[in-house]
Amino acid sequence: ALPICRTDQLPYKVRVLVYKALSDGLVLSWPDRSDAAQNWAGRSSEHSRLLNRLLSQFVHVCQTVVSSNEQGVTKFIIEALGTFTELLESICHETNNSKSVLFSSMNAAVSPALQLFQVYKNEMSVIDTVISFFHALFDCLRIQLGPESSFHIVETVMSLFSKEYMQHALLSDQRSGCQFTERFLQLLRLLVQEAGAKFRAFSPKVLDFCLREILLVVSSLDHPGVKGALFSLFYDFLVNKWRYFFSPSASACEHDAEFLMIMEALRQSLTQTDVALVRQSLQALENLNARCKLFDKEIFRQRLLSEFVCTLLVVLVEKSHALLQDELMSALFTLSSVDFEGFYSRLLPGFILQIGELTDGQKQDLVKKIAPEKDWPSFVSVILLLTNDIHYFVVCNTSLLTHSADS
């Protein structure tokens, strides 16, 4: 008999190690044996016995909490879910046979754990533990869980967490709120990345939820990690579900309002102070263009190109991200190469003329100095000279105004 009943008095981390050691011995493939000689059925039965006591206690506690809102069991719930999460993560890269053994033993924990969202929705430390469990479950056992169960879990969570709830969570308990939101977005990314027909049909619900309930909240707060997770989800949606917007049978962009919201969020991210977030967004832009010809799409050229060009020029002029100068210049060059003639005759002069801190004479001189170079080294030289001049004039003019006001 497994001596797992004697572990209750051990420290939590030690108990987890005991469970992991015993679990790995039952779920990992035996070396130098054929699949037929692995005795998966027998090992699955033993693994169910291993988790039976902890799982039974967990199910009972969850039922008690849901029915009577009993207090004082939070520590047990966090530790039980933490143990389940550790077991899941330890076999994430193993074979489907190993995963099936663990899923067979742990499946009974899914429904009780899902009910905890409603009970503990205002306790971020518990919610973070619950979402970590489901993230590990989706990451490791998506195939075993199946599309329908996956969708049920996600829809349940999305129904509980409104825009107001997310804002409260991120403001009231920033550390736990951020951790929970990041993990939840990472969980949604796993669904968006799936290629199956059922997952493709469900993905628009995920996108609608993120645009409707999360984007506005995240945009107004200074949480680079959460913003990075959200933009990663948007990127994954565009890459994996490109035909949702640009199907081969359609001549124009479908669901254009959603597409424009995603692209506007990506553009706004280029103005953030966090260097890692700006770099992530620049890489996303370049990758989307390389893989999907984003900049060649009519909707991008007509409605987004000038906005992205101006944003990149502003960042270069302000010198807020000198470490990213090469990446910024590369993105600007790729955008400009879509229509060099329009860039030099319309976009660049238009950008200069709308800068309020420049005098009319300075604007005219800067426009006259524009040299329409199309090769990379010359382009970089032209843009660097222009943005340096603009920065110098703006600083000088602002200093003169400040000095005059003080006098």
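Trainee: Let's start at the end of α6: which residue follows it, and is its phi positive or negative?

Mentor: G146 comes right after α6, and its phi is positive, near 85 degrees. Helices here are DSSP runs of H or I with at least four residues (strands are E, at least two), numbered from the N terminus. This is a predicted model: local features need pLDDT of at least 70, side-chain atom pairs count only at pLDDT 80 or more, and totals for chains, interfaces and linings use all residues. Residues are numbered from 1 along each chain as its sequence is written, and side-chain values use heavy atoms, with hydrogens and water left out.

Trainee: Which residue other than glycine has a positive phi, and where is it found?

Mentor: As a general idea, most residues other than glycine have a negative phi. K293 has a positive value, near 55 degrees, and is found in the loop between α14 (275-292) and α15 (298-303). D32 is not a glycine either, yet has a positive phi of about 60 degrees. D32 is in the loop between α1 (12-27) and α2.

Trainee: Is D32 buried or exposed?

Mentor: Buried means under 20% relative accessible area, exposed over 50%, and partly exposed in between (1.4 Å probe, protein chains only). D32 has 84% relative accessibility, so it counts as exposed.

Trainee: Back to α6. How far apart are its end C-alpha atoms?

Mentor: Take 1.5 Å times one less than the number of residues to get the expected span of a helix. α6 has 22 residues, and a straight helix would reach 32 Å, but its end C-alpha atoms are only 26 Å apart.

Trainee: Where is the kink in α6 centred?

Mentor: On D139, with a kink of about 60 degrees. The bend at a residue is the angle between axes fitted to the seven residues ending there and the seven starting there. As for its surroundings, 19 of the 22 residues of α6 are buried, so this helix is largely enclosed by the rest of the structure.

Trainee: How does α18 read by the same recipe, and where does it bend?

Mentor: α18 (residues 340-353) has 14 residues and reaches 19 Å from its first C-alpha to its last, close to the expected 20 Å. It bends by about 30 degrees at L347, and a proline, P349, follows within four residues. Both L347 and P349 are among the buried residues of α18, which also include F340, Y344 and F351.

Trainee: How many residues does the largest nonpolar core have?

Mentor: A nonpolar core is a set of buried Ala, Val, Leu, Ile, Met, Phe, Trp, Tyr and Cys residues joined through side-chain atoms within 4.5 Å. The largest one here has 144 residues, and F134, F234 and F259 have the most contacts inside it. The largest share, 13 residues, comes from α6 (residues 124-145).

Trainee: Which residues does F134 touch?

Mentor: A contact means heavy atoms within 4.5 Å. Not counting residues up to four places away in sequence, F134 touches V110, A113, L114, F117, I153 and L187. F134 also belongs to an aromatic cluster with F58, F84, F117, F133, F161, Y165, F180, F184 and F209.

Trainee: How many aromatic pairs does a search of the whole structure find?

Mentor: Rings of Phe, Tyr and Trp (its six-membered ring) pair if their centres lie within 6.5 Å; planes under 30 degrees apart count as stacked, over 60 as edge-to-face and the rest as tilted. The search finds 27 pairs. One of them is F58 with F84, edge-to-face at 5.5 Å centre to centre and 90 degrees between the planes. This pair links distant parts of the chain, with F58 in α2 (residues 40-68) and F84 in α3 (residues 74-90), 26 residues apart. F58 is buried at 0% relative accessibility, and F84 is buried with 0% too. F237 and Y244 form an edge-to-face pair, 5.5 Å centre to centre, with 85 degrees between the planes. F237 is buried at 0%, and Y244 is buried at 19%.

Trainee: Which charged end sits over the ring of W40?

Mentor: The rule is that NZ of Lys or CZ of Arg lies within 6 Å of the ring centre and within 35 degrees of the ring normal. For W40, the charged end is that of R43, 4.3 Å from the ring centre. The charged end of K297 sits over the ring of F246, 5.1 Å from its centre.
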